[in-house]
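This report goes through side-chain pairing, burial and contacts in one protein model. The sequence and the structure come first.

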Amino acid sequence: NFTVDLDVKQRAIPKADEKILECAAASILAKVSRDRVMREFSKIYPHYGFDSHKGYPTKKHKEAILEYGLCPIHRKTFKHR
């Protein structure tokens, strides 16, 4: 389970975006926002193709990491091999 360090009651709801309309809407908004951010990062780090795969571990993305290494926006825990 994942919790946020806030002083509010929390509970995990598996597959909440399939069950709760507000969660589904939040999921869509989060993806659209992330895609927009990744397109901007693609301008800063063009070798990685963030504009096409949005940071998902596609073959192209993995190949770019092997060739250029991790860039500053990559998670340090990202398993790229």
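Is Ser42 buried or exposed? The model is a predicted one, and in it Ser42 is buried, with a relative accessible area of 9%. That value is under the 20% limit for burial.

**Ser42 and its surroundings**

Ser42 belongs to helix α2. Its side chain makes a polar contact with the side chain of Asp51, at 3.0 Å. When neighbours within four places in sequence are left aside, Ser42 is in contact with Phe50 and Asp51. Both of these residues also appear in the contact list of Met38, which, with the neighbours within four places set aside, consists of Phe50, Asp51, Lys54, Gly55 and Ile73.

**Nonpolar core and surface patch**

Met38 and Phe50 are also members of the largest nonpolar core. This core has 6 residues in all, and the other members are Tyr48, Ala64, Ile65 and Cys71.

Nonpolar residues are found on the surface as well: Phe2, Val4, Leu6 and Val8 form a patch there, with about 440 Å² of accessible area together. Phe2 lies in the segment before α1 (16-19). Phe2 counts as exposed because its relative accessibility is 71%, and the limit for that class is over 50%.

**Salt bridges**

How many salt bridges does the count come to? The count comes to 3 salt bridges. The table gives each pair with its N to O distance.

| Acidic residue | Basic residue | N to O distance |
|---|---|---|
| Asp35 | Lys31 | 2.9 Å |
| Glu40 | Lys43 | 3.2 Å |
| Glu63 | Lys59 | 3.9 Å |

The Glu63 and Lys59 pair, at 3.9 Å, is counted because the cut-off is within 4 Å.

Where do the partners sit along the chain? Asp35 and Lys31 are 4 residues apart in helix α2 (residues 21-44), so about one helical turn separates them. Glu40 and Lys43 are also both in helix α2, at a spacing of 3 residues, about one turn of the helix. Glu63 and Lys59 both lie in helix α4 (residues 59-68), 4 residues apart, again about one turn.

The accessibility of the partners can be read pair by pair. Asp35 counts as buried at 13% relative accessibility, whereas Lys31 is partly exposed, with a relative accessible area of 42%. In the second pair, Glu40 is partly exposed at 44% and Lys43 is exposed at 61%. In the pair from helix α4, Glu63 is partly exposed, with a relative accessible area of 42%, and Lys59 counts as exposed at 62%.

**Tyr68**

Which residues does Tyr68 touch, not counting residues up to four places away in sequence? They are His47 and Tyr48, and Tyr48 is one of the residues of the largest nonpolar core. Tyr68 itself is placed in helix α4 and counts as partly exposed, at 39% relative accessibility. The side chain of Tyr68 makes a polar contact with the side chain of Glu67, at 3.3 Å. Tyr68 and Tyr45 are 23 residues apart in sequence, and their C-alpha atoms are 10 Å apart in space.

Technical notes: Residues are numbered from 1 along each chain as its sequence is written. This is a predicted model: local features need pLDDT of at least 70, side-chain atom pairs count only at pLDDT 80 or more; totals for chains, interfaces and linings use all residues. Side-chain values use heavy atoms; hydrogens and water are left out. A salt bridge is a side-chain nitrogen of Lys or Arg within 4 Å of a carboxyl oxygen of Asp or Glu. Helices (H or I, at least four residues) and strands (E, at least two) are DSSP runs, numbered from the N terminus. Buried means under 20% relative accessible area, exposed over 50%, partly exposed in between (1.4 Å probe, protein chains only). A nonpolar core is a set of buried Ala, Val, Leu, Ile, Met, Phe, Trp, Tyr and Cys residues joined through side-chain atoms within 4.5 Å. Contact means heavy atoms within 4.5 Å. Patches are made of residues with over 30% relative accessible area and no salt bridge: like charges are joined within 9 Å, nonpolar side chains (Val, Leu, Ile, Met, Phe, Trp, Tyr) within 5 Å. Accessible areas come from the Shrake-Rupley method with a 1.4 Å probe; for residues, only the protein chains shown count as cover. A polar contact is a pair of N or O atoms within 3.5 Å; within protein, one must be able to donate a hydrogen and the other to accept it, and residues adjacent in sequence count only if both atoms are side-chain atoms.
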